[in-house]
Amino acid sequence: MTAGGACCAPVATRPGGARTMPGLDDAAALRLAASAISIPGGRALIGTDRPSIPADGEGPLRTARLAPFRIGAGAVTNAEFADFVAATGHMTEAERFGWSFVFHAHVPPELGPTRRAQGAEWWCAVEGASWRDVAGPGTEGAAWRPDHPVVHVSWHDARAYAAWAGGRLPTEAEWEHAARGGLGDVRHPWGDALPEADGVHPCNIWQGEFPHRDTGADGYAGTAPARSFDSNGYGLYNVVGNVWEWTADPFRIGSLKRGARERARAQRGHRVAKGGSFLCHASYCDRYRIAARIGNAPESTLSHTGFRVVWPETAIVR
Ligand SMILES: [Cu+2]
């Protein structure tokens, strides 16, 4: 068990696997797609010329042309994921491997000592932690909230849900385009203003001294409901902060520098996650920005990583 990706992501390599299963019937999948947000296609911006963490491959600012698409207004919730599991019997990778990473402050003391991620010791490998038992065995009643984003889901789990729902995971370009909400080259979904300027909390991130105490001044010291805080210009909630969101894309860094090449080699096969989480803070991990990104192993699972789904615009018959 090694640590990579700074604050937010210990990298756990374990043998993964994908499986296929029957999807929702067409009418149910259409209803889900119809409830998602319609995003205009055309010229989209990706990345930034003002990277805060250049080593992550945030820059440069570039453009792509995208077809119109639909994207979930929020991350997939526990209630939605429960429907998927009830319909398919899907067993998540955290359940199959028997453990997942839980942020140390959320591990019930009665569980006793746990293994820690090297270099990111605030991540505890908790046996029995899963999307249901969010903080460890027996914590479903105390810690599971139907309207919060599902967590402890691997990239494989996220992809399986998206396929069942008749959609797929967003590309990094689609995610950023939707995250910008029509504002163009901005740092955050609400613009360039820093969170907590004038005591304003536009998203769910860390306040206090990381990793010891999150004061919860923004209202939450863990996850917040998937649809909370103000939405962006397109109507997406919690684009940054709250939980990292898996994308479809392989993690690559567009740089010829030796450090970048070495990192790309070490993270070969990893997938891009976007948006940062409730653990991000300017003093340690300033990744609650649109251009911020990390790569993580597709079988890895953590208590701060979820996903949202996209559907083709053409799925909706008007
Ligand atoms: Cu972070």
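In what order do the three strands of the open sheet lie, and is their pairing parallel or antiparallel? The order is E7-E9-E8, and the pairing is antiparallel, where two strands count as paired if DSSP finds at least two bridges between them. The model described here is predicted: local features need pLDDT of at least 70, side-chain atom pairs count only at pLDDT 80 or more, and totals for chains, interfaces and linings use all residues. Residues are numbered from 1 along each chain as its sequence is written.

**Confidence**
- The chain averages a pLDDT of 91, and 92% of the residues score at least 70; pLDDT is the predictor's confidence in each residue, from 0 to 100.
- Over residues 1-6 the pLDDT stays under 50, and for this stretch the model has 21 contacts beyond four places in sequence, a contact being two residues whose C-beta atoms, placed from the backbone, lie within 7 Å.
- Where pLDDT is low, the predicted coordinates should not be read in detail.

**Overall fold**
- The chain has seven helices and 16 strands, which are DSSP runs numbered from the N terminus (helices are H or I, at least four residues; strands are E, at least two).
- The radius of gyration of the chain is 18 Å, close to the 20 Å that the globule rule gives for 318 residues, so the chain is as compact as a globular protein of that length; the radius is taken over C-alpha atoms, and the rule is 2.2 Å times the number of residues to the power 0.38.
- Along its principal axes, the C-alpha trace spans about 55 × 45 × 40 Å.
- Among contacts between residues at least 6 apart in sequence, 75% join residues at least 24 apart.

**The three-stranded sheet**
- The edge strands of the E7-E9-E8 sheet are E7 (99-103) and E8 (115-117), each of which pairs on one side only.
- From one strand to the next the twist averages 40°, with axes fitted as lines to C-alpha atoms (for helices over the stretch in contact) and angles running from 0 to 180 degrees between N-to-C directions.
- Five bridges join E7 to E9 (residues 120-127), and these two strands run antiparallel; Ser-100 stands opposite Val-126 in E9.

**Burial and the nonpolar core**
- Of the 318 residues, 50% count as buried, meaning that 20 or more other C-beta atoms lie within 10 Å of the residue's own (12 or fewer is exposed, in between is partly exposed, and C-beta atoms are placed from the backbone).
- The largest nonpolar core holds 72 residues, of which Ile-71, Ala-158, Tyr-161 and Leu-236 touch the most other members; such a core is a set of buried Ala, Val, Leu, Ile, Met, Phe, Trp, Tyr and Cys residues joined through C-beta atoms within 7 Å.
- Helix H5 (residues 155-164) gives the most to this core, with six residues.
- Leaving aside neighbours within four places in sequence, Ala-158 is in contact with Val-153, Leu-169, Trp-246 and Phe-307.

**Backbone features in loops**
- The peptide bond from Gly-59 to Pro-60 is cis, with omega near -10°, and Pro-60 is found in the loop between E4 (42-46) and E5 (62-66).
- A cis peptide bond also runs from Phe-210 to Pro-211, with omega near 0°; Pro-211 lies in the loop between E10 (208-209) and E11 (213-214).
- Phe-229, although not a glycine, has a positive phi of about 60°, and its place is in the loop between E11 and E12 (244-250).
- Asn-242 is found in the loop between E11 and E12 and has a positive phi of about 65° although it is not a glycine.
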